[in-house]
Structure formats: structure tokens, C-alpha cells
Amino acid sequence: MAGVQTGKAAAVPFRQFVLKVHSRCNLACTYCYIYAGPDHSWRRRPQTVPAATIRQTALRIAEHARTHRLRAVRIDLHGGEPLLTGPGPLLEQAAAIRAALPADCSADFCVQTNGTLLTPQMIEVLGIAGFRLGLSLDGGIAGLNRRRIDHAGRPSWPAVSRAVGLLSGRPDIFAGILCTIDITTDPAEVYGSLRALDPPMLDFLLPHANWSSPPPAPLGPAGRTPYGDWLCTVFDLWWDGGPGPRVRVFTEILGLLLGRPSSSEAVGLSPVVALVVDTDGAIEQVDSLKSTYEGAAATGLDVFHHTFDEALAHPGMAVRQRGRDGLGAQCRNCTLVEVCGGGNYAHRYRADTGGFANPSVYCADLERLIRHIADRLNTAVSLN
């Protein structure tokens with residue numbers, strides 16, 4: 001596999017390309033780190049991505065695939081809310097990328113949506129074209145989605161519940177559900193209601209927060225780990241509950257404890273292999289960085305003037321490919337570093353230290369969860 005030299009080691013090529021196809025959203029979720037966060041770059045960008053930008057992005061993806069002999073790439077069509085464009089542009093964008101790729105490189109397409117605009121016709125059209133659809137939800141009932149409202153303050157749940165019904169029993173197109181943790185909710189109620197929707201995959205996301213902008217709920221006195229406790233409760237329900245959806249954060253940690261590499265930026269030391277292309281063609285780092293400060297995700301590069309290999313060499317990309325060497329001293333010396341990996345990169349930010357060479361603001365919570373899962377795994381192995 002070809003690589004780009006970034007410091008001491010060859011960089012790992014990108015394999016996941018997040019393409020912003022619409023920079024606005026029809027919801028106004030109260031915790032959104034894009035529209036309610038410190039980075040307002042979305043206001044200066046086109047609402048919808050121009051066809052010329054998609055064509056140029058397709059050429060850059062194909063160029064990267066040829067250079068690094070990639071056999072498969074993942075394309076996430078994202079927003080804002082990507083379905084604001086309707087299905088037609090999404091189909092055209094996928095066709096442009098497939099046409100540009102080398103014959104021996106396949107592309108998997110996914111759309112991450114709030115679900116409010118889904119119709120039976122849209123699901124059929126996107127399914128036939130090989131798309132998979134991921135939903136963003138806070139739970140499987142109306143009361144748990146009270147923070148997901150539209151710009152007039154109306155609840156999104158009635159429309160989303162219809163979308164869930166349409167996707168139920170469609171594993172060919174239903175990719176799964178992303179759920180941002182609300183520490184004020186009952187974890188058993190959240191997990192039980194989401195499991196009842198029968199998704200193939202669930203992932204529970206820690207709210208994007210950092211040392212300079214702490215999590216929505218106070219972490220409390222030393223030793224208190226509310227997010228870790230919340231996740232431990234869900235883990236036990238999942239572990240003891242028999243067949244159910246794959247829960248990515250749990251399977252990632254279990255795999256790491258068993259010596260497997262991670263595939264998520266939330267845990268582990270595997271190099272980050274995803275980049276973002278915004279509606280104006282700007283090449284950016286992962287969106288979560290926009291929760292820290294204005295311009296944190298920017299690279300100064302764009303698809304019209306720069307290759308993705310140049311993006312690999314960007315300092316912000318390179319540091320997240322260095323594994324243990326890219327962490328601060330406290331994390332490097334931690335006994336859990338191979339599993340935790342320092343947590344989500346954005347959660348390490350601290351303004352008064354000038355950057356990200358810190359433990360995660362959720363450090364204690366991650367330790368609580370990892371040790372709990374390790375104990376449950378050890379017990380299961382001992383019983384067998």
C-alpha cells in the first residue's frame with residue numbers, strides 16, 4: 001500500500017469521505033454543535049453543493065484511490081440535512097463518483113439524516129441505487145426527542161416515527177441509529193425504546209464538549225462518572241439481553257480489549273482515515289472539531305487546488321494518525337491507552353493549554369466504562 005510521508009511514518013490513506021451536500025438543516029436541535037456552536041463557517045458556504053464541486057471531488061477521490069490502490073471507499077452524504085436536496089441530486093452525486101472511480105474500486109454510499117423528510121418513494125429510489133440510511137435519534141419515543149425540534153419549536157418525532165416505520169425490516173437500506181447521550185434521561189428507557197425500533201446498529205455518542213466548554217451535565221465531585229455510569233447501565237442491558245442490535249461503542253471496546261484494531265475515532269489508537277469536503281469544496285477535518293473554536297476543522301485546502309495526499313500531510317490530520325505518539329503525556333502513560341486512545345480528539349481541547357494534548361474531558365467516564373466492560377468480559381471468559 002502506497003503512503004505519504006508525514007514525519008516518521010507513512011500516512012494511512014483516507015478511506016471515508018464525508019461530502020457536505022447541504023449546509024442547512026430543517027431542525028434546530030438544542031444541542032447541535034454545528035449551528036449552535038462556536039464555528040459559524042456554514043453561514044459563508046453555498047446552501048447546496050454545486051455539481052462542479054462534486055465532479056472535482058469525485059476526481060480527487062478517484063486520484064486518491066489510484067495512488068493508494070484502494071479497493072473500496074465509503075462515501076457519506078451529509079449536511080446539515082442532506083435530504084433537503086431531494087433524492088435526485090444524491091443519485092447524481094453517487095453516479096459522478098462511481099463513474100470517476102477506478103474499475104477495481106467500489107464505493108459504499110450512506111446518508112445520515114434526521115429522518116423527517118423520508119417518504120416511501122425516496123426510500124425505494126435510494127435503496128435501488130445502493131444507498132444506506134442512518135438516522136439520528138435521541139430515543140425511540142416522543143418524550144426522549146424533545147430536544148430535536150424544528151425552527152418553529154415544533155417536535156420532529158411525528159415525522160421521524162413514520163420514517164422509522166418505513167425503515168423497519170429493511171436491513172438492505174437501514175444502516176442504524178446514532179444517539180447523543182442526554183444525561184438527564186433514564187438509560188434503560190433510552191436503550192429499550194431504541195432497541196424496540198429494531199435497528200441493525202446503535203451508537204451512543206458523548207455530547208461534544210471539552211475542557212473549555214464542559215459537558216451539558218456537571219461532572220460532579222472527583223470520582224463521579226455520570227456518563228460512564230449511564231453507559232455501563234446500557235452495556236449491562238445489552239450484554240445480558242440476548243440478541244439485539246450491534247452497539248458500536250461497546251463492540252469497539254470489546255474488540256480493543258481482545259487485541260483488535262479500532263474503526264471509530266471515539267476509542268482506540270487506529271489512524272483516522274476520514275475527511276470532510278464542504279459545499280464550497282473546502283477540505284476539512286472531522287466536523288466534531290467545530291465544537292471547539294471557529295476554524296478548528298479548517299485546513300486551508302480545497303478540492304480545486306489540492307490533492308487528498310496534501311490533506312494527509314496537514315498537521316491536524318497527521319497528529320491523529322500517530323497513535324500513542326500523538327497523545328499528551330498523561331494519556332501516553334495511562335494503562336488504558338491502547339483501548340481508550342485518548343477518547344474523541346475534539347473532547348481533549350483546552351484553550352488555556354493551546355490545543356489538544358490533554359486527556360478527554362470524559363477521561364474518568366471512559367475509564368469507568370472500559371474497566372466495567374473488561375470486568376464483564378473477564379467474568380464471561382472465567383465461566384467458560
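This tour moves from the central sheet to two loops and the cysteines, naming at each stop what to select.

The model is predicted, so local features are described where pLDDT is at least 70 and side-chain atom pairs where it is 80 or more, while totals for chains, interfaces and linings use all residues. Residues are numbered from 1 along each chain as its sequence is written, and side-chain values use heavy atoms, with hydrogens and water left out.

**The sheet**

Begin with the open sheet of ten strands, whose order is β9-β8-β7-β6-β5-β4-β3-β10-β11-β12, with mixed pairing. Helices (H or I, at least four residues) and strands (E, at least two) are DSSP runs numbered from the N terminus, and two strands pair if DSSP finds at least two bridges between them. Select β9 (246-247) and β12 (298-302) next: these strands stand at the edges, each with a single partner strand, so one side of each has no neighbour in the sheet.

Then select residues 131-136 and 174-180, which are strands β6 and β7, running parallel and joined by four bridges. Within this pair, Gly134 has Gly176 in β7 as its bridge partner.

Add helix α2 (residues 87-100), which packs on the sheet and touches β3 (16-20), β4 (72-78), β5 (106-113) and β6, where contact means heavy atoms within 4.5 Å. The direction of α2 makes about 155° with that of β5; axes are lines fitted to C-alpha atoms, for helices over the stretch in contact, and angles run from 0 to 180 degrees between N-to-C directions.

**Loops with backbone features**

In the loop between β4 and α2, select Gly80, which is joined to Gly79 by a cis peptide bond with omega of about 20°.

Move to Arg69, in the loop between α1 (51-68) and β4; its phi is near 55°, a positive value in a residue other than glycine. Arg69 counts as exposed at 52% relative accessibility, given that buried means under 20% relative accessible area, exposed over 50%, and partly exposed in between (1.4 Å probe, protein chains only).

Asp198, in the loop between α5 (187-195) and β8 (201-205), has a positive phi near 60° and counts as exposed at 52% relative accessibility.

**The cysteines**

Finish with the cysteines, where a disulfide is a pair of sulfur atoms within 2.5 Å and the count by this rule is zero. Select Cys110, whose sulfur is 16 Å from the closest cysteine sulfur, in Cys25, too far for a bond; Cys110 is buried, with a relative accessible area of 9%. Cys331 is also in no disulfide, the nearest cysteine sulfur being that of Cys363, 6.3 Å away, and Cys331 is buried with a relative accessible area of 10%.
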